[in-house]
Amino acid sequence: MKKNWKKILAAAGLGMMLMTTSLTPVTAFAAVDTQNLLTFVNDTMDDGSQIYYFEEVAVTLPADWKGKVAVQAQDTSVTFYHKASKEKWQEKYGQEGGKLFTLSCTVNHNFQELPDFTYIGFSDQSVMNYFMIFPTDFQAYTDDPAIAAEFQQMNTEIDFVKQH
């Protein structure tokens, strides 16, 4: 009799498990290879502006930025720097500076808590949100007035980057 109760309880437990799993919707996501999402190539357009092509997005920089930008990729972000400011910050203080903006992607929405960002869009293919982050402080190398002025000039054209 004891064995029959064990069999009955085991069968009932298995039946309950099957019922709950068949009633519960299951969503499966494939792992996304983020390594290549922000690999880029760049080109010069007919009007002289620079365009950076990534796997799923493109960023266009004003023509007068040519030769003045340093680009650094890390994991799920690519940062665009004012080259002269970045070099001087590194040389004099051993730290990064001259940041103009960062292109990033993520599967979540935490970026919406950032103080200054522009949302680019969502990719159905990679299931990533793309956005640009802008510094909230002045990133120019200010010890050299010419470098600071060039940074400021570029910074006034950030809206062009946001729109393109």
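Helices (H or I, at least four residues) and strands (E, at least two) are DSSP runs, numbered from the N terminus. With that in hand, let's explore this predicted model through three exercises.

**Exercise 1. Work out which elements the chain contains and how they follow one another.**

Solution. Start with the totals: the secondary structure comes to four helices and eight strands. Next, walk along the sequence, where the pattern reads α-β-β-β-β-β-α-β-β-β-α-α. Both the opening element and the closing one in this pattern are helices.

**Exercise 2. Find the order of strands in the open sheet of three strands, and follow its pairing.**

Solution. Begin with the order, which is β1-β2-β3, with antiparallel pairing. Now look at the edges: β1 (41-44) and β3 (58-61) each pair on one side only. From one strand to the next, the twist averages 20 degrees. Then zoom in on β2 (residues 50-53), which is joined to β3 by four bridges. These two strands run antiparallel. To see a bridge for yourself, go to Ile51, whose bridge partner in β3 is Thr60.

**Exercise 3. Describe the chain as a whole: what share is buried, and how much area is exposed?**

Solution. First take burial, which here means under 20% relative accessible area. Of the 164 residues, 34% count as buried. Turn next to the surface: the chain exposes about 10,600 Å², and 54% of that area is supplied by carbon and sulfur atoms. Finally, consider the contacts with a separation of 6 or more: residues 24 or more positions apart account for 47% of them.

Note on methods
Residues numbered from 1 in each chain as written. Predicted model: local features only at pLDDT ≥ 70, side-chain atom pairs only at ≥ 80, totals over all residues. Heavy atoms only, no water. Pairing = 2+ DSSP bridges. Axes fitted to C-alpha atoms, helices over the stretch in contact; angles between N-to-C directions. Buried < 20%, exposed > 50% of the residue type's maximum accessible area, 1.4 Å probe, protein only. Contact = heavy atoms within 4.5 Å. Areas by Shrake-Rupley, 256 points an atom, 1.4 Å probe, with all protein chains shown as cover.
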